[in-house]
Amino acid sequence: MPDESWQRVREIFDSALLVKPEERRKFIRNACADDYALFDEVDTLLASHESSESFMETPAIAEMAYAIEGTGKKLENGSRLGHYEIIEPIGTGGMGEVYLARDQMLDRQVAVKILNERFSDDESNLSRFIREAQTASALNHPNILVIHEIGACEDAQFIVSEFIEGKTLRQILKEEKLNFPEVLDVSIQIANALSAAHDAHLIHRDIKPENIMIRPDGLVKVLDFGLAKLIEQKNRSSLGLDNSTALNNISAEGMILGTVNYMSPEQAKGDFVDERTDIFSLGVVIYEMIAGHAPFDGESTWETVANLINDEPKSLSTFAINLPEELPRIVSKMLRKNMDERYQTAKGLLIDLKNANQDLEFNDKLLIVAVMPFVNESSNADVEYLSDGMTETLIRSLSQLPNLYVKAHSSVIRYKGETADAQTIGKELDVQAILNGRVVQHGEQLTLTLELVDARSENVIWSEQYDREQTDLISLQSEIALDVSQKLRTKLSGADEAKVTKNYTANREAYKFYMRGRFYWNKRTAENIRKAIEQFKEAVDKDPNYALAYVGLADCYAISQEYLGTPTSEALPQAKAYANRALEIDDSLGEAHTTLGLINRSLWNWAEAEKEFKRAIELNRNYPTAHHWYCRFLRAMGRPDEALAEIKRANELDPLSGVILGNLVQVYLQLGEVDAAFEQCRKAIELYPNYPGLHNSLSYVYLKQGRTAEALAEAQKAVELSNRANGHLSLLGYVCAVSGNRNKALAIVKELEERYQKRQADGIDIAGIHTGLGNKDQAFEWIEKQFQNHSSELMAVKTEPVFEPLRSDPRYKDLLRRMNLPE
Amino acid sequence: MTEKAHPVSQITEQLQNWGKKHDTEAGNVLLQLVYDELHRQAHGYLRKERVGHTLQTTALVHEAYLKLADQKSVAWEGRSHFYALAATMMRRILIDYAKSKHRVRRGGVNSDLPLEDALTVAVSDADFDLLELDEALTRLAEKDGHLAKVVELRFFSGLDVVDTAEVLGVSESTVKRDWAMAKAWLHRELTQ
């Protein structure tokens, strides 16, 4: 970077530091205007700034001396220390090296900690420490490390304790974030240990993640009771400080450095401490487990101490959205600066923690999140399909996660191009969090900025920027999905992680075509479905093993009878072949099983269809289409109650999908709940005044209510809005027929017959009008024709209200029998 | 490396020359003198002769200074140059030390100082290799020599903000800004 731009980076960086941390990003975005290289430079520096607080704060020589000193007393493997045989070093603690050893007298494995001489050469302190350690050990508490012996050999003091195979909480926190049940479990076990120790008048004085061990089975052990006191005393005497405060210790030596984050204010000030100091320190530990950092972090030790004494930490609720409600209150009470305002006993704390844990168990909360359509900030319209596609991919990936409901694409897409605030969207979609994204393209470079916003508080919980070459798109998808889900604190098991990051193709071109295909498919008009087919075909051309693209093709063909009028005999075998191809590649693809369910339903393979739908839902219970199509199947089966449950589920997942809302109305009608149907339909139309399917449904509702004129108007509207699509035209014909306008009804029959000749309409639409006209024979003729054609839509005879007059006819019963449908 | 003590007057004279006239010759002599003295002391620290007592680098540099020069007779400018110089020296000493441990390990000598322990110091929550930090600092110096100087003074010489500002003749807030920038830049280099 040339000098001038370095100066510019410095200026913006310096200024940004004067702005509140949460506003820095916005600030630099403005300051850098269109210079993305500059933005990136400053942005990464700011990120680094935030994680470099303690970086280089201790002078190099002190750090080196510590590093070297820590290795001063090395014991060889196999060497002896009394009757302990050293097996191997297992770590370096604050006080010295720790070894795994074998106690040859009792033939058991133990941990041996060699105390650095600087901690162990003061007799009175040492004996006090020994006394405390033994008292703690004598408590024989499962959460307190048992000390077997404190001994001396040659010039080394050592502590022998039970050997715990596990990791310290510090190590664990470095590797992963704990989920809430885990946080509570660990907290409860520590509080248990403290409660027992405090009953015996033992104070730990140095509760911190380094002093907490967790076994693989989850059992927590608190280490080093009494040791803190020993160090403190030692520091004071070695410095000749009699009335020293911890602050003095730090400034003079930096020896307690690292511990200061977990100190209580009274401890830091060198005041009198009692049991309540441990409660404070545990509060800090719990806070860190949730927030990812300690509450009083400062840029330096001094600042940390100043924060500790003066500042209130940010409430925990700002760091996690689905936090157990009680937890922020509990931790805030633990962190009261005035010890009289804290929990007075560990027991009191324990009760509250256990209650919170019970709440958690009763209320295994689901987090509901909406991924908003990414905003395309570049002028390039080509990026449009890309940003839509990325939204959808992210929804798909996140839907795979347990305890996470992700609102479906069609629910959020209506917000595209709109600026709605988080609270409004949160209410409308009933979600707790909203993920906003912005895509900017510069040549081959794509910059994606994501922001996770708490829908209630509008706090930005997390934000991240991804800069990639367009060639990296695929890995970017996985990266984002994983990143976001981790941020949502969803505990990912190994298997879930694989699900989230599964890409289905490594071919960039194929991926692009697929994205374009879905873009068209979602529009659900004849022309767009044809375009979608082209795109999906290109995708599998580029990557013949691209399972999702085959599903896309299968989806197009499976619904092509409905939208294009393509005969079943042509469309379905193709759809089936594509779905099966997808499953050959990946049998666990819920989407493919869903399509196969629809195909089997269309082919009247009812048992097979149900099996596929159930499998699909088992594999991906967050896929709204699976519930939606399964509902339609259940309606044909004459199981409207189950159908209602499924369509409600689909609606929950995708509350703004017009097609699902329309189906919900149909199910209510089938159940005879006309009022519910009407109410639902009215609300839906408010949302989508121009969605033809909803006017179609409303027309049905009016017919049921006997409001013929209004039914006619709605049917007319559906026809106009859909540009005379078959299904809506058929309803209009039907309404005309039942309202006495036979001529118009017959004209529509003629129009549909012409389309039928061109294989662009389904005979069932014609049969419906004949039913309305009272021409039962002609209706059954068309039905029979469609039976011979094996029409996928034939089940409408059973589910749609227009065919009611036919159902007392023996030919209807015969049809059901031949279709193998239950009555 | 010689551990022979240098006459105070000689050092004072070199320091004055170097400080006032930026005499290269004097600078070189001084460099050697400072290096020797600091090295002798630092080595003591690192051999943990003094562990358990104060570990402050600043004290070490102060001590070296007192040994090397008679404060009263040195102009303030000279003193401030001395600290700047000492900071560079401390950096060199510590890096040399780290490298020597590296060699011991490489040569297969049965050393009781494994590579990680000798070279990796807890510069922050995460551990960084001191040699990597040194390399990054050299890169930073190419970009912005002033920032690198601040790092030498603060980190390698252990000076606080006030002393650093005094040595560099700038305001404390400038030092704070420089320090924040340098830390962020170096930290990014080491974590990227």
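**Figure 1. Strand β13 of chain A and its partners in the predicted model.** In this predicted model, seven of the ten residues of β13(A) are buried, so the strand is largely enclosed by the rest of the structure. Strand β13, which covers residues 433–442 of chain A, pairs with β14(A) in the antiparallel sense over ten bridges. Strand β11 (residues 375–376) of chain A runs parallel to β13(A) and is joined to it by two bridges. V439(A) takes part in both pairings, since it is the bridge partner of N376(A) and has L448(A) in β14(A) as its bridge partner. V440(A), for its part, is bridged to T447(A) in β14(A). Strands of a sheet pair through backbone hydrogen bonds, and the pairing is either parallel or antiparallel.

**Figure 2. Strand β14 of chain A and the hairpin turn that leads into it.** Strand β14 spans residues 445–454 of chain A, and seven of its ten residues are buried, so β14(A) is largely enclosed by the rest of the structure. The hairpin of β13(A) and β14(A) has two residues between the strands, and G443(A) in this hairpin adopts a positive phi near 60°.

**Figure 3. The open three-stranded sheet of chain A with helix α8.** Three strands of chain A form an open sheet in the order β7-β8-β9, with antiparallel pairing. The edges are taken by β7 (167–168) and β9 (220–222) of chain A, each of which has a single partner strand, so one side of each is left without a neighbour in the sheet. Between β7(A) and strand β8 (residues 212–214) of chain A, the antiparallel pairing runs over two bridges, and K167(A) stands opposite I214(A) in β8(A). Helix α8(A) packs on this sheet, where it touches β8 and β9 of chain A, and its direction makes about 40° with that of β9(A). The helix itself comprises the 20 residues 180–199 of chain A; at 1.5 Å a residue it should span 28 Å, and its end C-alpha atoms are 28 Å apart, which agrees. After α8(A) comes H201(A), whose phi is positive, near 60°.

**Figure 4. Helix α30 of chain A and the helices around it.** Eleven of the 13 residues of α30(A) are buried, so that the helix is mostly covered. Among these buried residues are G658(A), I660(A), L661(A), G662(A) and N663(A), and also V665(A), V667(A), Y668(A) and L669(A). The buried residues of α30(A) pack against four helices of chain A, namely α28 (624–636), α29 (640–653), α31 (674–687) and α32 (692–705). For the 13 residues of α30(A), residues 658–670, the span expected at 1.5 Å a residue is 18 Å, and the end C-alpha atoms are 18 Å apart, which agrees. G672(A), which follows α30(A), has a positive phi near 80°.

**Figure 5. An exposed proline in a loop of chain A.** P21(A) is found in the loop between α1 (3–17) and α2 (24–32) of chain A. With 11 other C-beta atoms within 10 Å, P21(A) is exposed, because a residue counts as exposed at 12 or fewer. L46(A) is 25 residues away from P21(A) along the chain, and the C-alpha atoms of the two are separated by 9.3 Å. For the setting of this view, chain A as a whole contains 39 helices and 15 strands, and buried residues make up 49% of its 823 residues. Of the contacts in chain A with a separation of 6 or more, 59% are accounted for by residues 24 or more positions apart.

**Figure 6. The crossing of helices α6 and α9 in chain B.** Helix α6 (residues 130–143) and helix α9 (residues 172–191) of chain B pack at an angle of about 125°, with their axes 10 Å apart. The two helices α6(B) and α9(B) are therefore oblique to each other, and their crossing is right-handed. On the α6(B) side, E132(B), L133(B), A136(B), L137(B), R139(B) and L140(B) meet A182(B), W185(B), L186(B), E189(B) and L190(B) on the α9(B) side. Chain B has nine helices and two strands, which follow the pattern α-α-α-α-α-β-β-α-α-α-α when read along the sequence. Of its 192 residues, 40% count as buried, and among contacts in chain B between residues at least 6 apart in sequence, 63% join residues at least 24 apart.

Note on methods
Residues numbered from 1 in each chain as written. Chains lettered and ligands numbered in written order. Predicted model: local features only at pLDDT ≥ 70, side-chain atom pairs only at ≥ 80, totals over all residues. Buried ≥ 20, exposed ≤ 12 C-beta atoms within 10 Å, placed from the backbone. Pairing = 2+ DSSP bridges. Expected span 1.5 Å × (residues − 1). Contact = placed C-beta atoms within 7 Å. Axes fitted to C-alpha atoms, helices over the stretch in contact; angles between N-to-C directions. Parallel < 35°, antiparallel > 145°, perpendicular 65-115°, else oblique. Left-handed = near helix turned anticlockwise from the far one by under 90°.
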